[in-house]
Amino acid sequence: MVTIIDYGIGNLRSLEKAFQAVGAEVLRTDRPDDLLQAERLVLPGVGAFGACMAELRRRGLIAPIHEAVCRGIPLLGVCAGLQLLFEESEEHGRHEGLGLLPGRVVRFPETTADGQRLKVPHMGWNTIAHHRPSPLLEGIPDGAYFYFVHSYHAVAENPDDVLAVTTYGDVTFPAIVGRDRVFGVQFHPEKSQQHGLRILKNFLDLSA
């Protein structure tokens with residue numbers, strides 16, 4: 001069973017269908033009690049960091065997420081959900097995140113170091129490079145392609161929290177993060193074909 005935290009941000013149907021395609025039963029919910037009873041939690045995210053945090057706060061979901069993580073329930077943040085795992089974001093001002101991983105979220109620069117214009121958002125297919133081993137990367141080759149859509153990226157304070165990286169322009173950023181039972185992917189696995197489905201299957205295969 002995978003519990004997707006449905007806090008009214010974004011269309012979750014494609015993510016739900018992707019999990020079902022790899023054999024998961026899926027519950028979409030915004031009930032705090034459901035989070036505490038989950039076997040695995042998925043935190044999606046679309047749009048502005050501050051709006052996501054505000055809606056999580058309004059629905060009383062922040063404390064249950066923290067408690068679930070303390071209980072050892074595996075958690076996967078997807079797209080902006082990865083960014084929410086960190087301490088703060090500079091998107092449209094300063095916004096406090098969940099603080100499950102040390103670090104911050106910053107915007108891509110408009111130009112590269114040599115003055116070339118960098119198109120923002122970073123959108124489309126790009127490769128990942130393995131940074132350290134993880135069960136989440138089982139069966140994923142170094143250099144595999146995934147689908148990205150984002151204008152901001154995480155800057156992890158602890159390099160050991162970074163499982164894989166991607167380079168856009170001259171910025172190398174975390175594509176996959178993980179510490180203990182907390183994981184995040186910056187790309188959209190539900191739009192990333194077989195490699196995306198394999199990531200979801202690997203998360204599903206983690207012992208609850």
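Me: How do you know that β1 and β3 pair, and which way do they run?

Reply: This is a predicted model, where local features need pLDDT of at least 70, side-chain atom pairs count only at pLDDT 80 or more, and totals for chains, interfaces and linings use all residues. Residues are numbered from 1 along each chain as its sequence is written, and side-chain values use heavy atoms, with hydrogens and water left out. Strands pair if DSSP finds at least two bridges between them. Here 2 bridges join β1 to β3, so the definition is met. The two run parallel. Ile4 stands opposite Val42 in β3.

Me: What makes β2 and β9 edge strands?

Reply: Each pairs on one side only. The open sheet of 8 strands is ordered β2-β1-β3-β4-β14-β13-β12-β9. Strands are DSSP runs (E, at least two residues), and helices are too (H or I, at least four), numbered from the N terminus.

Me: Why is Cys79 called buried?

Reply: Buried means under 20% relative accessible area, exposed over 50%, partly exposed in between (1.4 Å probe, protein chains only). Cys79 has 7%, so it is buried. Cys70 has 71%, so that residue is exposed.

Me: How do you know that Cys79 is in no disulfide?

Reply: A disulfide is a pair of cysteine sulfur atoms within 2.5 Å. The nearest cysteine sulfur to Cys79, that of Cys52, is 9.1 Å away. The structure holds 0 disulfides.

Me: Which residues of α4 are buried, and what puts them on the same side?

Reply: In α4 (residues 62-70), Ile62, Pro64, Ile65 and Ala68 are buried. They cover an arc of only 165° around the axis, taken from the directions from the helix axis to the C-beta atoms. That puts them on the same side of α4. On the other side, Ala63 and Cys70 are exposed.
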